[in-house]
Amino acid sequence: MTKKLWLLGLCLTAAAGLGHAADSGKVGIMVPANAMEWTELSPGSPVKMTTLWGDRSTGEYAMLIKIPAGFVAPIHAHTGDYYGMNLTGTWRHSFDGGEQKDLAPGSYVFQPGMGFHGDSCIGPEDCILFLHQHVKGDFIPKQ
């Protein structure tokens, strides 16, 4: 567990610094993992999120998303590209009609905008993913 917390801390530290190192007039922040506020991704959803920066409803943002073990998301797309990294658990990501991989902690996914895909968390442990988009977040189910 200590190794996983160390990896999570390292990933969060690196992620927080990306693109923000040149902002010399800003005040730094530190949020321990056990102090993060998790909210439902959408009303009634078992999937939880915590925003790291930005605003998912209006534009560029980064967040952690917690997917419960055994959860399978329906095939869906997002308007914009997203960049994802698995921090805990085994994340199964698939490109609709194509490749599927089980991704261990430290694995990376680039998902092109409007590309339909599937996500699930397999195994006994919840998945926590780092996600970043340069545009607002959305969820477009496949018809």
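The mean pLDDT of the chain, the predictor's confidence in each residue on a scale from 0 to 100, is 89, and 84% of the residues reach 70 or more. The structure is a predicted model, in which local features need pLDDT of at least 70 and side-chain atom pairs count only at pLDDT 80 or more, whereas totals for chains, interfaces and linings use all residues. Residues are numbered from 1 along each chain as its sequence is written, and side-chain values use heavy atoms, with hydrogens and water left out. Over residues 10-14 pLDDT stays under 50, and for this stretch the model has five contacts (heavy atoms within 4.5 Å) beyond four places in sequence. Where pLDDT is low, the predicted coordinates should not be read in detail.

The secondary structure comprises one helix and eleven strands, taken as DSSP runs of H or I over at least four residues for helices and of E over at least two for strands, numbered from the N terminus. The helix comes at the start of this series of elements, and the strands follow it. Of the contacts between residues at least 6 apart in sequence, 66% join residues at least 24 apart. Of the 143 residues in the chain, 36% are buried, where buried means under 20% relative accessible area, exposed over 50%, and partly exposed in between (1.4 Å probe, protein chains only). The chain exposes about 8300 Å², of which carbon and sulfur atoms supply 62%, with accessible areas obtained by the Shrake-Rupley method with a 1.4 Å probe and, for residues, only the protein chains shown counted as cover.

Six strands form an open sheet with antiparallel pairing, in the order β1-β2-β3-β10-β5-β8; two strands are taken to pair if DSSP finds at least two bridges between them. The edge strands, each pairing on one side only, are β1 (39-40) and β8 (108-111). Two bridges join β1 to the antiparallel strand β2 (residues 48-54), and E40 has K48 of β2 as its bridge partner. Strands β3 and β10 pair in the antiparallel sense over seven bridges, with H132 in β10 as the bridge partner of A62. Strand β5 (residues 82-88) is joined to β10 by five bridges, again antiparallel, and here Y83 stands opposite H132.

Strand β10 is largely enclosed by the rest of the structure, because seven of its seven residues are buried. C127, L129, L131 and Q133 point one way from β10, while I128, F130 and H132 point the other way. In a regular strand the side chains alternate between the two faces of the sheet.

The largest nonpolar core, a set of buried Ala, Val, Leu, Ile, Met, Phe, Trp, Tyr and Cys residues joined through side-chain atoms within 4.5 Å, has 14 residues, of which M63, I65, I67, W91, C127, L129 and L131 touch the most other members. At least two residues of this core come from each of β3 (61-67) and β10 (127-133), and β3 supplies the largest share, four residues. Leaving aside residues up to four places away in sequence, I65 touches W38, L41, V47, K48, M49, C127, I128, L129 and L131. A second, separate core of seven residues includes W53, A62, I128 and F130.

The structure holds one disulfide, defined as a pair of cysteine sulfur atoms within 2.5 Å. This link joins C121 and C127, whose sulfur atoms lie 2.2 Å apart, and is right-handed, with 90° about the S-S bond. Both C121 and C127 are buried.
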